[in-house]
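Colleague: I have some questions about side-chain pairing and helix packing. May we go through them with the structure in view?

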Amino acid sequence: MTVSNRLDSFTAQLSFPLDPFQLQSCAALEAGHGVLVCAPTGAGKTVVGEFAVHLALESGRKCFYTTPIKALSNQKFNELAERYGSDAVGLLTGDTSINSDAPVVVMTTEVLRNMLYADSPALRGLSHVVMDEVHYLADRFRGAVWEEVILHLPQDVRLVSLSATVSNAEEFGAWMETVRGDTTIVVDETRPIPLSQHILVGRRLFDLFDAKVAEGAARQLVVDPSLVRHVKQRLALDRESSWEPRGRGNYRSNDFRPLPRPEVIARLDEEGLLPAITFIFSRAGCEAALAQCVRSKLRLTTPEQTVQIREIVDKHTRDLPRPDLEVLGYWGWREALERGFAAHHAGMLPAFKETVEELFVNGLVRAVFATETLALGINMPARSVVLERLVKYNGDTHAELTPGEYTQLTGRAGRRGIDVEGHAVVLWQPGVEPTDVAGLASTRTFPLRSSFRPGYNMSINLIDRMGSAESRALLERSFAQFQADRSVVGLTRGIERNEAALAELRDKLGGVDGEYFEYFGIREQLRSRERMLERQGRADRRGASVASLVGLRRGDVVAIPVGKRSGLAVVLEPDQNPNDPRPLVLTEDKWAGKVSAADFPVPVRSLGHLRLPRHVDHRTARVRRDLASALRSTGIVPPRKTKRVKGGREDSEVIALRKALRDHPCHSRSDREQLSRIGERYNRLARETDSMRQKAAATTNSLARTFDRIVSLLTERGYISEGKDPKATEDGQRLGRIYSESDLLVAECLRRGAWSGLTPAELAGVVSSVVYESRQDSDAPDRGPTVPLRHALAETVRVWGGLQADEIRHKLPVTREPDSGFVSAIYRWANDEPLVDVLLAAGSGGKELSAGDFVRWCRQVIDLLDQVHSTAPDPAVAKAAARAIGSIRRGVVAIAAT
């Protein structure tokens, strides 16, 4: 078939015409170019990937279709198998292998990376690779894998990169062209379904933008004035209704009571905005929302739909062990589905999530409460997307949503071929300004930032495949270094501008040898010394406050001197942490929470004592109310606020510098203040320039420097041979086959025999410690249920301690400390104990783990055990690993892997 006919034959198989961006991308691919396609969610980017599959099959070659997550791989496998037949399409994920020799194989990106490092025979005949969701390369945990694939793929393989809309597509495309050759960049920012923005204030639904102004010639986006007026009136009314005597009537946002979730869903239903996905940025929040809907009288389904729902639920869950249904919360989950509601988050059992996805896509479930992971996952569009809050926890702190995150979440709104438009609904609460929402909704800034960093496994594979010099050259070609080098160009220009300005200022000050520079140097020394003394004073004051907080006892009555919680408070739970004590208190205003040294600029003292009940549930409103009343009735009066003494410390050095300043000839000059202002500008500019120089020096060749440090450490430990032409040793080759966040720690434990002599269940337990990561800190780490397992865990921690010391010495990121929070759970599961007992043993202190999390961690343990099986130098350990895999892969874990 000729080139000109290939696109025609492909489009003839489709039931819809191609959009312009799809035609442009397919034409470039047909002409032999690589393509980078950036378009909004739901625009139809995958059609370009499917055309690459078509081209490969037409020419008798192979195509690999990669996705970031297993759910997407399964979905794409089913779609392609339906179109091209099951014999032509295979699937490879971490725990599934179907028809892997097929000409078209769908796989997770990590599988392709591992193939490239192993120089797999499956790569022969490969003509096209599709990288779906390539913007995942910004992911700080997994993003490096995408760049590894792009850099290592043979040059004759055409790469089809599909990305969400990013604001630096040209920069990303320029890098792709540098490392992959001729690459066509296709950017389409047009949503396939228009998006209407709304804010729900109470029960009133407002358009965010003024439709009349938006329809004008300038297409200017202006916030609807009726929305702004209503929000102001609402705030004023809320302030009046929350007034309290004794001068404590300031309106507080925690007095606000949002519209109950069932009422929100019912209101959306009245407006014809269902089905809807409500994004709630916590798993517990999703489950709480679902429980509220189940407790209400709301029902979104008909009797006929309920019958269909039951059939789909039975199809997905028929293989679940009957004894486990109760602990899985099956009956409550099923009732919610039959009424048209569901939750969707990573803590759910995979079978439950897949059921929800099928029901929602078929319009049988009409309200889903989901975490933001749904926005990055499978194709599950809705008519509306609801955002309860515009703040989410990012792993470190609670941060406001970025325009990119807002666009990603609302991208689910609008079903192509079903809806005329999609709808984004933000639920108003105090602190949510319509103008801020408008800024999020109208800004299209989602820059792609590389997260690529060399690690131990990557470095050992690079050394073994291409030697040290070529490895460094390859790292210099990464997108991370490409972006860093571009930033250095900007820094260099800034340094040059600053140096010219500094020369001009030096001339005005009479040159560096002039007497004014000496005078100004004394002033800077004096200022620096005074600042240092002030910092020391603040540290001393904080130390005194910390010591006073440590001394508080349960029932002590104290006065919080500053802040919105100022007034009397009683200590409910003391905290003897010597560094940062945070006792739990209840204020006379019924607020319960932890306070810190920041709340006490002066040391706190006990003003009296309040007798407390043995158990105080501060989460209960009645308990808080009664205790606050008792606190106010004690008659204790907070002391009057003392004014802080102004003025800093002085010492002999400060006194000497002040005298030298007064005695200097420049001190009596009439133009001293004018020169001082110029001198301050000079110093400020000099500090800024030094900072820019340091940043530029740190950025230039930064990846190669990290690589050199890794090679040095691996050479010291015997994983790389010494000499001019270093190679991976036998131990190094084993490390090259371990793909784990703690790869070197695993290799060290295997090499030193730290995991030898264990039963399969014990081996599973110790392996889990380098995989599992607790969602919260534990005061009592699990030491393991058996003596050999405890010894193995202790040895693993000891090996980690030595590795940590070496990493610090080589200025490398430190490997994460082993976490024993999953040890007892996986040990019991591998010993064939019931799921209910295992879930209760999971986590710290017997705290229950969700079934979905349990399955997810079991999968990761299985994945690492499989690597241990293939790399362990001790045959007994390898055999135990294989048996452990069989013991873990049962029940809900086995079902999740199918």
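Colleague: Which side chain meets that of arginine 203 in a salt bridge?
Modeller: In this predicted model, the partner of arginine 203 is glutamate 263, at 3.9 Å from N to O. Arginine 203 sits in the loop between strand S9 and strand S10, and glutamate 263 in helix H10, 60 residues apart.

Colleague: Is arginine 203 buried or exposed?
Modeller: Arginine 203 counts as partly exposed, at 39% relative accessibility. Glutamate 263 is also partly exposed, at 33%.

Colleague: And what does glutamate 171 pair with?
Modeller: Glutamate 171 forms a salt bridge with arginine 449, their closest N and O atoms being 3.9 Å apart. The two residues are 278 residues apart in the chain. Glutamate 171 is buried, because its relative accessible area of 14% is under 20%. Arginine 449, at 48%, is partly exposed.

Colleague: How many salt bridges does the structure hold?
Modeller: The structure holds 43 salt bridges.

Colleague: Turning to cysteines, how many disulfides are there?
Modeller: There are 0 disulfides. For cysteine 26, the nearest cysteine sulfur belongs to cysteine 63 and is 12 Å away. Cysteine 26 is buried, at 0% relative accessibility.

Colleague: Lastly, at what angle do H12 and H13 pack?
Modeller: Helices H12 and H13 pack at about 145°, with axes 9 Å apart. Their crossing is right-handed.

Colleague: Which residues meet there?
Modeller: Among them are Ile309 and Val313 of H12, and Trp333 and Leu337 of H13. The contact residues divide into 5 nonpolar, 2 polar and 4 charged.

Key. Residues numbered from 1 in each chain as written. Predicted model: local features only at pLDDT ≥ 70, side-chain atom pairs only at ≥ 80, totals over all residues. Heavy atoms only, no water. Axes fitted to C-alpha atoms, helices over the stretch in contact; angles between N-to-C directions. Helix = DSSP H or I, 4+ residues; strand = E, 2+ residues; numbered from the N terminus. Left-handed = near helix turned anticlockwise from the far one by under 90°. Contact = heavy atoms within 4.5 Å. Nonpolar A, V, L, I, M, F, W, Y, C, P; charged D, E, K, R; others polar. Disulfide = S-S within 2.5 Å. Buried < 20%, exposed > 50% of the residue type's maximum accessible area, 1.4 Å probe, protein only. Salt bridge = Lys/Arg side-chain N within 4 Å of Asp/Glu carboxyl O.
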